[in-house]
Amino acid sequence: MSGGIQGRFAATQEPPYFTVIFSSLRTTVDDGYDAMADYMVELASKQPGFLGVESARDASGFGITVSYWASQEAIAAWRAHAQHRIAQEAGRKKWYAHFETRVARVERAYGP
């Protein structure tokens with residue numbers, strides 16, 4: 001799946017699976033943010049249990065990134081990944097005025 005509408009949606013497995021919902025408000029500091037965000041998606045996509053990601057940000061700087069994972073263990077491994085930890089610290093220090101992270105189990109998923 002690439003390009004068009006289908007390329008914007010994560011290709012997940014049949015439920016149950018897990019999701020990490022990262023809601024954030026950006027600061028005005030750019031300082032490599034886009035490159036790091038792209039790198040984190042690339043790196044996450046290589047992790048065992050990664051199913052996909054969807055992300056959007058509005059003009060005010062508010063954004064939501066939803067990543068999908070096969071298990072809670074896969075989420076924990078990603079959270080502890082050394083390069084991800086570096087990005088998390090940079091986010092706290094310079095890129096995010098505020099953020100919230102929520103983890104949930106997906107029981108049902110459907111589309112058109």
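Colleague: Buried means under 20% relative accessible area, exposed over 50% and partly exposed in between (1.4 Å probe, protein chains only), and with that in hand, is Glu89 buried, partly exposed or exposed?

Modeller: Glu89 counts as partly exposed, because its relative accessibility is 35%. Please keep in mind that this is a predicted model, where local features need pLDDT of at least 70, side-chain atom pairs count only at pLDDT 80 or more, and totals for chains, interfaces and linings use all residues. Residues are numbered from 1 along each chain as its sequence is written, and side-chain values use heavy atoms, leaving out hydrogens and water.

Colleague: OK, and what does the side chain of Glu89 meet?

Modeller: The side chain of Glu89 meets that of Lys93 in a salt bridge, with 3.8 Å from N to O, where a salt bridge is a side-chain nitrogen of Lys or Arg within 4 Å of a carboxyl oxygen of Asp or Glu.

Colleague: Why would side chains pair like that?

Modeller: As a general point, side chains of opposite charge can pair when their charged atoms come close.

Colleague: Where do Glu89 and Lys93 lie?

Modeller: Both of them belong to helix H3, and the four residues that separate Glu89 from Lys93 amount to about one turn of that helix. Helices (H or I, at least four residues) and strands (E, at least two) are DSSP runs, numbered from the N terminus.

Colleague: And is Lys93 buried or exposed?

Modeller: Lys93 counts as exposed, because its relative accessibility is 68%, whereas its partner Glu89 is partly exposed at 35%.

Colleague: How many salt bridges are there in the whole structure?

Modeller: A search of the whole structure gives five salt bridges, and one of them brings the side chains of Glu42 and Lys46 together at 3.4 Å, counted from N to O.

Colleague: Is Lys46 buried or exposed, by the way?

Modeller: Lys46 is exposed, because its relative accessible area comes to 59%, while Glu42, on the other side of that salt bridge, is partly exposed because its relative accessibility is 41%.

Colleague: What about Glu107, which residue does it form a salt bridge with?

Modeller: The partner of Glu107 is Arg105, and the closest N and O atoms of this salt bridge are 2.4 Å apart. Glu107 counts as exposed because its relative accessibility is 53%, and Arg105 counts as partly exposed because its value is 46%.

Colleague: Which residues are joined into one network by salt bridges?

Modeller: That network consists of Glu89, Arg92 and Lys93, which are joined by salt bridges that share partners, so the pair we began with, Glu89 and Lys93, is part of it.

Colleague: Changing topic, where does Gly61 lie?

Modeller: Gly61 is in the loop between strands E2 and E3, and Gly61 counts as buried because its relative accessibility is 9%.

Colleague: And how far is the C-alpha atom of Gly61 from that of Ala97?

Modeller: The two C-alpha atoms are separated by 9.6 Å, although Gly61 and Ala97 are 36 residues apart along the chain.

Colleague: Last one: which strand is Leu25 in?

Modeller: Leu25 is placed in strand E1, which runs over residues 17–26. With a relative accessibility of 34%, Leu25 counts as partly exposed, whereas Gly61, at 9%, counts as buried.
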